[in-house]
Every structure is written in structure tokens, then in C-alpha cells.
Amino acid sequence: MPVLRVLSRVAKQTLLAHECGCQPLAVAVRNISFSPRQVTSGSDASFHSVSFSETDHPKVLITGGLGQLGVGLAKMLRRRFGKNNVILSDIRKPPSNVFHSGPFIYADILDYKNLREIVVNNRITWLVHYSALLSAVGEANVALARAVNITGLHNVLDIAAEHGLRLFVPSTIGAFGPTSPRNPTPDLCIQRPRTIYGVSKVHAELMGEYYHHRYGLDFRCLRYPGIISADSQPGGGTTDYAVQIFHDAIKTGRFECNLKPDTRLPMMYIDDCLRATLEVMETPAELLTMRTYNINAMSFTPDELAQEVQKQLPDLHVKYNIDSVRQAIADSWPMNFDDSNARNDWGWKHDYDLPELCQTMLNFIGAETRMAQAN
Ligand SMILES: NC(=O)C1=CN([C@@H]2O[C@H](COP(=O)(O)OP(=O)(O)OC[C@H]3O[C@@H](n4cnc5c(N)ncnc54)[C@H](O)[C@@H]3O)[C@@H](O)[C@H]2O)C=CC1
Ligand SMILES: CC(=O)[C@H](N)C(=O)O
């Protein structure tokens, strides 16, 4: 993030706050005196907000941390804040390398008391809420998606508000629908998604912003594009083809794509996505003119991706076998994402375009495959 620009904007905002006699937003966040859950349920837990000075390291909990994104995020945050200050959690059993790389704990986001106990006992100050069912698996199990993505979010919001946490919840390009402007899609426009995943993510955006305005919750949300990673598998989304093509290109030289060749979607390499997440979490609250931002890096079709991969692996053979559920979802999503507010407010800038993405993915998976063959 361009530090000078950030500092000068903080100074400007602070001056403005003094001139108009208002306090910066962060002050309100420190003064949560009650939470909606405690008021309505009459719970006997004591209210306290963890005071967290910007000079201290945050104590981070990541929910749903064993999916495509969580392990990489934990690795990056541990490098920055120290191994023991970042706790990964999930309901699945961690592989041994993950289990031995830092603190891991079982946390079912549907179990409110257990989640609250983890936050209290570990003095958590930042919560990154990654648990979710993605677009394609969500359509295959709507009841579970509704429970995890909506009821689970309610638990997380209440605990974050009660304990004064800074809360990050990712949203997605899937929070838009066929009536949204698709090329490009701005931050603020019609959002009428047609998947339970999209509906739950619009709900998360609105609830987080409501808790921010109503209770001072420090809620931060980025709408991620499809994320592409080499060392973690996607969890059942519409953009998964853009990861699978690299594995199949190297391992078999043949790839069967489940979207039409001209289906254009916004995409991002995982390193950019995780860095954006840390950057928005570290941005002074005064600079955030919104609480939910689009972020983007590139946009491509399966045909354009295949052509870029074929520059390195000319023998790659691509066949199209369309999955009607995924195609209908993709046809309702943005083709290009307008992320100018993130770029202006907190200096968002991606590093990876399509050629760098392909080079990095092929190098990584190629090296991994050669090592596996040698053993
Ligand atoms: N990967 C992508 O392309 C994108 C991801 N996102 C969002 O980022 C977040 C992380 O995504 P991924 O890592 O790709 O998801 P993923 O599907 O790979 O992982 C989700 C994790 O949630 C866990 N989970 C399910 N039910 C749970 C419960 N009851 N309690 C606790 N954990 C539970 C699963 O075990 C899984 O490990 C999600 O909220 C997703 O919507 C947004 C846009 C794009
Ligand atoms: C873009 C997403 O949110 C996810 N990868 C999906 O395809 O469901």
C-alpha cells in the first residue's frame, strides 16, 4: 500500500474530524456496550470488548480455514504477526503439515457457544470468516448452504460485536445477478443473485454494514473474483475450471472444460487475494469510505486461458462439456469488475495478470509433479 498516500489521507481525515467536531469512526468501534444477541437472549456472559492497540499484534482466528484460501492466509499472517497469533479452525481434520505448522482448533460456526469460548479463551481480536458453501455445492445442498452461510454468519456477527473484534467476511462476484450491470460491475448497483450462495453473500454484506452502523462493528468485506491457486484445491465453485486446467494440462495434456469457451469472468491469483485481505484489514478505518469493496485483477474466458496455457504447453487438448448449472450461474455473474473504489481508497493494486498467472501456476504444479514422479 502506498504509505505516504495513506498517511496524508489519515492526516486530512483527522483534521476534518476536528474541524467538524466529529470523532473518527474507530472511536465508536471501541465503545460497543451491548450486543444484539445478549440483549435479546438474556445470556449471562459478561460483556467486554478486547482493546486492541494498533501497535500490538492482532490475535487472529480464521474460520473454515482448511479450504482453498485459509491455509495460505494463515501462512501469510503468521509471517507478519507470529505463528502463535494466528489460529486456523475448521470442522475437518487438518493434514499433518497444516497441523504442525501452527495452532489449529476445531470450530463449527453453527455452534455459537463453542465459537464464543474460542474467541474468549484465546483473546481473539481479528476474525476472518472463511467458512461457506460455494456456488455449485450450495445449489446441490441449499438447506446446508443456508445454515452455514446465513445462520453461521449470524453467530459470527454477534460474537464479533460482543467482543469488539475486527471482522473480515469475504463476498464474491456471485453476489451479483443477471439484472446487475455485468461489464463492468460497480460496487453499488442492483444485486439480485439467483444462487443461494449469492443470496447469502448479499445478506452478509448488508448485515455486516448494518452492524457497523448500528453497533460500531469494525466490519470489512471484499468481493473476491474467482481465485486461482496451485497448492490448494477449490471447494466446489463455478470458477473451479480455471484451477483444474493447469493440473490437467501438466498431468494428462487433456482438459475438459465445464463452461463455454466464451464465458468471461473476473479472476485473481491467490497471492493478490490474500495480500488484499491483509491490506484492507490494516487500512485505517478513516480511509474506508465503504465497508464492502470489489477487488479485481484480470478477466478472461476459458478459450483465452487455454490459449495462454498453450503458449507453454502447445500439445494441450481442450474439449468443452458444458455443465448447465455452472453455465447458468456464470452467465449471471459479472464479466468485468470495477474495483476503482478499492484502488482510490486504500491503494489496492494487483500484481498478477494472465501471463504471470499462467507462468506461476505451471512452474509450481510442474515442479510438484516432477518431485512426486521422482519419489
Ligand atoms: N475461492 C474462491 O474463488 C472465492 C472464495 N470466496 C469466499 O472466500 C471464503 C473462503 O473460500 P474457500 O477457501 O475457497 O472455500 P472452501 O469451500 O474451499 O472452504 C470452506 C471451508 O468451510 C468449512 N466449513 C463448512 N461448514 C463449516 C462449519 N459449519 N463450520 C466451520 N467451517 C465450515 C469447510 O470445511 C471448508 O474447509 C468463502 O467465504 C468464499 O465464499 C469468495 C469469492 C471467491
Ligand atoms: C467466485 C466464487 O465465489 C467461487 N469461486 C465460486 O465459483 O463459487
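A salt bridge is taken here as a side-chain nitrogen of Lys or Arg within 4 Å of a carboxyl oxygen of Asp or Glu. In the predicted model described below, Arg166, Asp218, Arg220 and Arg291 are linked in a network of such salt bridges. By the stated rule, the count comes to 14 salt bridges.

Within the network, the side chains of Arg291 and Asp218 meet with N and O 2.6 Å apart. This pair links distant parts of the chain, since Arg291 lies in the loop between α11 and β11 and Asp218 in strand β7, 73 residues apart. Both Arg291 and Asp218 are buried. Strand β7, which spans residues 218-224, takes part in a further salt bridge through Arg223. The partner of Arg223 is Glu205, and the closest N and O atoms of the two are 2.7 Å apart. Because Glu205 lies in helix α9 and Arg223 in strand β7, the pair ties together parts that are 18 residues apart in sequence. Glu205 and Arg223 are both buried.

A salt bridge within one helix is provided by Arg275 and Asp272, with an N to O distance of 2.9 Å. These residues are 3 apart in helix α11 and are therefore separated by about one helical turn. The two ends of this bridge can be set side by side in their accessibility. Arg275 is partly exposed, with a relative accessible area of 23%, whereas Asp272, at 1%, counts as buried because the value is under 20%.

Helix α11 (residues 270-282) also packs on a sheet, where it touches β8 and β10. The direction of α11 makes about 80° with that of β10. The sheet is open and consists of 3 strands in the order β8-β10-β12, with mixed pairing. Strands β8 and β12 stand at the edges, each with a single partner strand, so one side of each is left without a neighbour in the sheet. From one strand to the next, the twist averages 45°. The pairing of β8 with β10 is in the parallel sense and extends over 3 bridges; in β10, Met267 is the bridge partner of Gly226.

The strands of this sheet are also among the packing partners of helix α10. Of the 11 residues of α10 (residues 241-251), 8 are buried, so the helix is largely enclosed by the rest of the structure. The buried residues are Tyr241, Ala242, Val243, Ile245, Phe246, His247, Asp248 and Ala249. These residues pack against the strands β8 (226-228), β9 (254-257), β10 (265-269) and β12 (298-300), and against the helices α12 (302-312) and α15 (354-374). Just after α10, Gly253 takes a positive phi of about 75°.

Aromatic contacts were examined next. A pair of aromatic rings is described by the distance of the centres and the angle of the planes. A search of the whole structure finds 10 aromatic pairs. One of them, formed by Tyr210 and Tyr215, is edge-to-face, with 6.4 Å from centre to centre and 90° between the planes. Tyr210 is partly exposed, with a relative accessible area of 42%, while Tyr215 is buried, with a value of 14%. The rings of Tyr293 and Trp346 have their centres 5.9 Å apart and their planes at 80°; because this angle is over 60°, the pair is likewise edge-to-face. The pair links distant parts of the chain, with Tyr293 in strand β11 (residues 292-294) and Trp346 in helix α14 (residues 340-346), 53 residues apart. Both Tyr293 and Trp346 are buried. In addition, Tyr130, Phe168 and Tyr224 form one aromatic cluster.

Two features of the backbone remain to be described. Most residues other than glycine have a negative phi, and most peptide bonds are trans. Arg123, although not a glycine, has a positive phi of about 50°. Arg123 lies in the loop between α6 (112-121) and β4 (126-129) and is exposed, with a relative accessible area of 57%. A cis peptide bond joins Asn183 and Pro184, with omega about 5°. Pro184 is placed in the loop between β6 (171-172) and α9 (196-215).

Conventions:
Residues are numbered from 1 along each chain as its sequence is written. Chains are lettered from A and ligands numbered from 1 in the order in which they are written. This is a predicted model: local features need pLDDT of at least 70, side-chain atom pairs count only at pLDDT 80 or more; totals for chains, interfaces and linings use all residues. Side-chain values use heavy atoms; hydrogens and water are left out. Rings of Phe, Tyr and Trp (its six-membered ring) pair if their centres lie within 6.5 Å; planes under 30 degrees apart count as stacked, over 60 as edge-to-face and the rest as tilted. Buried means under 20% relative accessible area, exposed over 50%, partly exposed in between (1.4 Å probe, protein chains only). Helices (H or I, at least four residues) and strands (E, at least two) are DSSP runs, numbered from the N terminus. Contact means heavy atoms within 4.5 Å. Two strands pair if DSSP finds at least two bridges between them. Axes are lines fitted to C-alpha atoms, for helices over the stretch in contact, and angles run from 0 to 180 degrees between N-to-C directions.
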